Amino acid sequence: MKYKAFNKKIIELVGGKENIKAVVHCMTRLRFTLVDDKKAQTEKIKDMDGVIDVVNNDVAYQIIIGTHVTDVYSELIEMLGISDGDDSTENVGKKKNPVKAVLDVVSESMTPLLAPIICAGLLAALLSIVSLTGLISDTSSTYKIFDTVREAVFFFLPVLMAMSASKRLGVDPYLGVTLALTIVSQSINGVKGLNLFGVPLPQITYANSFIPILLALWFMGYVTKFAKKVVPDKVQYFFTPLLIMVIMIPATLLVFGPLGFYVGEGIVGFFNLLMKYVGSWLVMMLYSALQPFIIMFGAGNFIMPVVASLIATEGYDPAFISSCTISDIAVGGAMLGYFLRAKNSKQKQLFGTVTLSAIFGVTEPAIYGVFVKFRRPFIAVMIGGGLGGLFAGLTGVKAYSVAWGLFGLPSYIGKGDFTNLWLMVTSVVISFVGATIAAYMLGVPAEDGTKEEKSISKETGNNKENGLRAIPLKSVVGGNLIQLSEVNDQAFASGGLGKGIAIEPTNDKIYSPVDGVVSVVFPTQHAIGINGNNGEEILIHIGIDTVQLEGKYFNLNIKQGDTLKSGQLLGTVDFEQISKAGYDTTTMVVITNTNDYTDIIPSENKQVSNQDSSMNIVLG
């Protein structure tokens, strides 16, 4: 066995055979489901020759090793004594830690709700501004009509949650929404003195909350399975929905509604006590300083349910969203400090790009593309973010909506009062300046390269760059070209799998970027390997974590060994449905044998079609 020693070490360091529940593989990584993640010696695994990185999150314990993962995996499952047919992602999902599974459902269900919640918050801020300027009176019909958007979003939060969570929990979305509409109707919501079959019901306001409906939908998933078993096939269309609702109405009003209501009240009460007796200043200082670490551990969304409960019941969040923004701006400040300090032209380009994305509220490119590599920016954010969070906590800054980054600042405007906004702006300035100065003082580690690299400018039409021969690669899909460092996947953003580019697709057709041969097509069709005629080894990875779709929405018409021409259609991918399923559709194209070439130069185009060049491989 070629990888026997490597796999033996992997098995030992993840805690032994008895600690491995299941293992699957993607195009570049082994994905373990472990009995106890804590038994895995992550740092020792990272130090192994042949391991690019380790990512441990809610998806799996992932060991990134490169495009030869198929060969490694084949030997690994033989050594573990399991068959290739027993380790599907479906089975892995079923064996997930219960706590992680619950957090997964809540996080995934909350994410689609952020768009209307952010919209409502920013619209409320805009109305505050125009009413203060006198353009629109807050008593006018125009004001009330637009303000109804905010009221509707939070009042019908159970309905939005039902739309988001139903499919995830195995429920017909229309029945899920029907149940949500029922409990927020004027006949039930907040009504006193109701009884069901003679059993008195507690007076509960279901509007503005999401936990009762989420618990009810979870139970509804099991009821749906039961109903489909007991109702004959010929009459399922008519009687299955009826049976489900006949069971769910009493179950929701008697059990899951009250339970969810008191759980929500408990969450809000706990954090109110925490702020009162511990101090919001400590919570905000710590979260603002430590958020990059939280994101790295894959727990960036764990606060969303808490925030939603606080805003729905109290009308504001006294700590977390403000801390998120303060920390994000501190990340941007740290990257600006590195940008000002760096002498390497490529590093300057990287630092400048991730600075802007962090300021606008997207920090993953900076954290995975820079922080993990250089490490010192973590210290800069702890200093700048900690100072900004401390000031915000001491001055009582409140977030009135789930909106972060610079664009979210208007949501800090209180009704007729700008004081909260100016305090938040001051907090942000403190965090940004503090992190910038700290990062500049800490500097870019010399071992990561400070020599100014020779600038290579493209000569149009002759495939040469300053006399160096270059291979142009066409775009694999039409869309918006972005830096690889901006991708929300550590393995690609860090450059560990090779240099390249990423594309946010705007159409569904996938093309070959070069003349060559298909080296591999992953069974789930989300990843393709191509060996170009000039020796280039190309990995096309369609979407992030799309391996879990198991080929759904992918329709490629190629197989291993096929000869390709540049621009040849490889198949189609339904990116719209993939996005609706909750997956990032960003498509990465990397040169896995990057070290064989002088450089990989991304195109300067912001938008590309399949006929446009996406990058050039400089041969030397």
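User: How do the residues of the lining of the largest cavity divide into nonpolar, polar and charged?

Analyst: Happy to go through it, bearing in mind that this is a predicted model. The lining consists of Ile188, Val191, Leu194, Leu201, Pro202, Ile204, Tyr206 and Leu253. Val, Leu, Ile, Tyr and Pro are among the residue types that count as nonpolar. The lining therefore divides into eight nonpolar, no polar and no charged residues.

User: How many cavities of 30 Å³ or more does a search of the whole structure find?

Analyst: The search finds one cavity of 30 Å³ or more. About 60 Å³ of space lies in the largest cavity. A cavity is a set of points where a 1.4 Å probe fits but cannot get out, which means that an open set would not carry this name.

User: Let's turn to the helices. What is the handedness of the crossing in which α8 passes α10?

Analyst: The crossing is right-handed. Helix α8 (residues 157-165) and helix α10 (residues 211-230) pack at an angle of about 35 degrees, and their axes are 9 Å apart. Pro158, Met161, Ala162 and Ala165 of α8 make the contact with Ile213, Leu214 and Leu217 of α10. By type, these contact residues are seven nonpolar, no polar and no charged.

User: Why is one side of each of β1 and β3 left without a neighbour in the sheet?

Analyst: β1 (20-25) and β3 (53-56) stand at the edges and have a single partner strand each, so one side of each has no neighbour in the sheet. The sheet is an open one of four strands in the order β1-β2-β4-β3, with antiparallel pairing. From one strand to the next, the twist averages 20 degrees.

User: What makes β2 and β4 a pair, and how many bridges join them?

Analyst: Two strands pair if there are at least two bridges between them. Strand β2 (residues 29-34) and strand β4 (residues 61-64) are joined by four bridges and run antiparallel, so they qualify as a pair. One of the residues involved is Leu30, whose bridge partner in β4 is Ile63.

User: Which helix lies across β1 and β2?

Analyst: That is helix α3 (residues 69-80), which runs at about 155 degrees to β1.

User: Which strands stand at the edges of the open sheet that includes β11 and β15, and why is one side of each left without a neighbour?

Analyst: Here β11 (509-511) and β15 (554-556) are the edge strands; each has a single partner strand, so one side of each is left without a neighbour in the sheet. The order of these three strands is β11-β17-β15, with antiparallel pairing. Three bridges join β15 to strand β17 (residues 569-573), and Phe554 has Val573 as its bridge partner in β17.

User: What makes the phi of Asp545 notable?

Analyst: Most residues other than glycine have a negative phi. Asp545 is not a glycine, yet its phi is positive, at about 60 degrees. Asp545 lies in the loop between β14 (537-544) and β15. Glu550 lies in the loop between β14 and β15, and its phi is a positive value near 55 degrees.

User: How do you know that β9 and β20 count as a pair, and how many bridges join them?

Analyst: The cut-off is at least two bridges. Strand β9 (residues 479-483) and strand β20 (residues 607-608) are joined by two bridges, so they meet it, and they run antiparallel. Gly479 has Val608 as its bridge partner in β20. β9 also pairs with strand β10 (residues 499-505) in the antiparallel sense over five bridges, where the bridge partner of Gln483 is Ile501.

Definitions and conventions:
Residues numbered from 1 in each chain as written. Predicted model: local features only at pLDDT ≥ 70, side-chain atom pairs only at ≥ 80, totals over all residues. Heavy atoms only, no water. Axes fitted to C-alpha atoms, helices over the stretch in contact; angles between N-to-C directions. Left-handed = near helix turned anticlockwise from the far one by under 90°. Contact = heavy atoms within 4.5 Å. 1 Å grid on protein atoms, 1.4 Å probe; cavity = no way out; pocket = protein on both sides within 12 Å on 5 of 7 lines; lining within 4 Å. Points joined across faces, edges and corners; volume = space filled by probe spheres on them.
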